[in-house]
Structures are given as C-alpha cells and as structure tokens.
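Subject: Handing over the structure

Hi,

Here is the structure I promised to pass on. Have a look at it first, and then read my notes underneath.

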Amino acid sequence: MPAHDTISDMLTRIRNACAVRHSTVNIPSTRMTRSIAEVLKSEGFITSYEETGEGVSKNIVVSLKYKGRNRQPIIQNIRRVSTPGLRVYSKKKDLPRVLGGIGVAIVSTSHGIMTDREARKQNIGGEVLCYIW
C-alpha cells in the first residue's frame, strides 16, 4: 500500500523497529528518505543504510543503533513536526533547539536536508520536518 506521507511513514517504521529492538528496518526509497537517512547517519542515530532493489521497488535498509547490554535504542523519540496538512517553517533566527541542543531538528532548506545546527551555521531557515532525540 503506497504511503502518501513518506516522511511520516519512514519515522513511524523507525520508531516501531526501535520499540521492538529490530536490527534493521526496510523503508521505501525516495530522495527525501535517502536525505533523512544520510542526516541520521551523520548525526550517529543509525549505524548505516543501503539501497536495495530496482526501479519502483527500491528500498532503503536502515541499520539501527543500540547501546548497552539491554540494547537501549539510541533514538529515544522521533516526532514529525511539519505535516502535509500543516507545514511548519522557521526563519534562521527562530530555528528550534531540541532538548536544549541534545536532540536534533531536521530541516528542509533551499540547500537540501540538514540539521538545525548546520542551518544556523549557513544562516538559512526552512521547513522543520522532525525532531529526534
């Protein structure tokens, strides 16, 4: 069944896989999901990701990261902010700080998908996609 909101679908799949402590999760591949996976990898929330399949049936296999003997997930919470029904935009000076800088806000800017810290460095705003901590 096709997902109309691919970002929410991706975040829900990651949230559910972390809850039951799966090592990997399959996500339908789009440019947006690949960009978000790249940001999650660079910020250390996931181990790696790779693209599998061909044509329409391409998937991204995301390897989730856990810590400790009890395998506590690195991603404690992941929340969608901007939805198709209510877009949330922030100017460069109003970009949110998630948990005082401990978490990360993923922002879609005119220069691509990036974290709130990178957007502040580059002095640009954009659409706040999600919060992760």
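Below is what I found, going from the strands to the core, the cysteines, the charged pairs and a few odd spots. Keep in mind that this is a predicted model.

**Strand 10 and its neighbours**

A good place to start is strand 10, residues 126-132. Seven of its seven residues are buried, so the strand is mostly covered. Which strands pair with strand 10? Strand 6 (residues 78-80) runs antiparallel to strand 10, and three bridges join the two. Strand 7 (residues 89-90) is also antiparallel to strand 10, with two bridges. Strand 8 (residues 104-109) pairs with strand 10 in the antiparallel sense too, over five bridges.

If you want to find these pairings on screen, here is one residue pair for each:

- Arg80 has Cys130 of strand 10 as its bridge partner.
- Ser90 is matched with Gly126 in strand 10.
- Ser108 sits opposite Glu127 of strand 10.

As general background, side chains in a regular strand alternate between the two faces of the sheet.

**The core**

The largest nonpolar core has 26 residues. Those touching the most other members are Ile14, Ile36, Leu40, Leu64, Ile75, Ile106 and Ile132. Two or more residues each come from helix 1, strand 1 (24-28), helix 2 (31-42), strand 3 (59-64), strand 8 and strand 10. Helix 1 gives the most, with six residues.

Ile106 is worth clicking on. Leaving aside residues up to four places away in sequence, Ile106 touches Ile36, Val39 and Leu40, and also Ile113 and Met114, among others. Its contacts also include Glu127, Val128, Leu129, Cys130 and Ile132.

**The cysteines**

How many disulfides does a search of the whole structure find? Zero. Cys18 is in no disulfide, and the nearest cysteine sulfur, in Cys130, is 13 Å away. Why is Cys130 not bonded to Cys18? Because the two sulfurs are 13 Å apart, which is too far for a bond; a disulfide would need them within 2.5 Å. Both cysteines are out of reach of the surface by the numbers: Cys18 is buried at 5% relative accessible area, and Cys130 is buried at 0%.

**Charged pairs**

In general, side chains of opposite charge can pair when their charged atoms come close. This structure holds seven salt bridges, and three of them are described here.

Asp9 and Arg13 form one, with their closest N and O atoms 3.1 Å apart. Both residues lie in helix 1, four residues apart, or about one turn of the helix. Arg13 is partly exposed, at 33% relative accessible area.

Glu51 and Arg34 form another, with the closest N and O atoms 3.2 Å apart. This pair links distant parts of the chain, since Glu51 is in strand 2 (residues 46-52) and Arg34 is in helix 2, 17 residues apart. Glu51 is partly exposed at 37%, and Arg34 is partly exposed at 26%. Arg34 and Glu51 also belong to a network of salt bridges together with Lys58.

Arg120 and Asp116 meet in a salt bridge at 3.4 Å, N to O. They are separated by about one helical turn because they lie four residues apart in helix 3 (residues 116-122). Is each partner buried or partly exposed? Arg120 is partly exposed, at 22% relative accessibility, whereas Asp116 is buried, at 3%.

**A few other spots**

Asp5 sits in the segment before helix 1 (6-19). Its side chain makes a polar contact of 2.5 Å with the side chain of Ser8. Not counting residues up to four places away in sequence, Asp5 touches Arg80 and Pro84.

Most residues other than glycine have a negative phi. Two residues here have a positive one:

- Arg71 has a phi near 55° and lies in the loop between strand 4 (66-67) and strand 5 (72-73). Arg71 is partly exposed, with a relative accessible area of 35%.
- Leu99 has a phi near 50° and is found in the loop between strand 7 and strand 8. Leu99 is partly exposed as well, at 49%.

That's the handover. Happy browsing!

Key:
Residues numbered from 1 in each chain as written. Predicted model: local features only at pLDDT ≥ 70, side-chain atom pairs only at ≥ 80, totals over all residues. Heavy atoms only, no water. Buried < 20%, exposed > 50% of the residue type's maximum accessible area, 1.4 Å probe, protein only. Pairing = 2+ DSSP bridges. Polar contact = N/O pair within 3.5 Å; in protein donor to acceptor, adjacent residues only side chain to side chain. Contact = heavy atoms within 4.5 Å. Core = buried A, V, L, I, M, F, W, Y, C linked by side-chain atoms within 4.5 Å. Salt bridge = Lys/Arg side-chain N within 4 Å of Asp/Glu carboxyl O.
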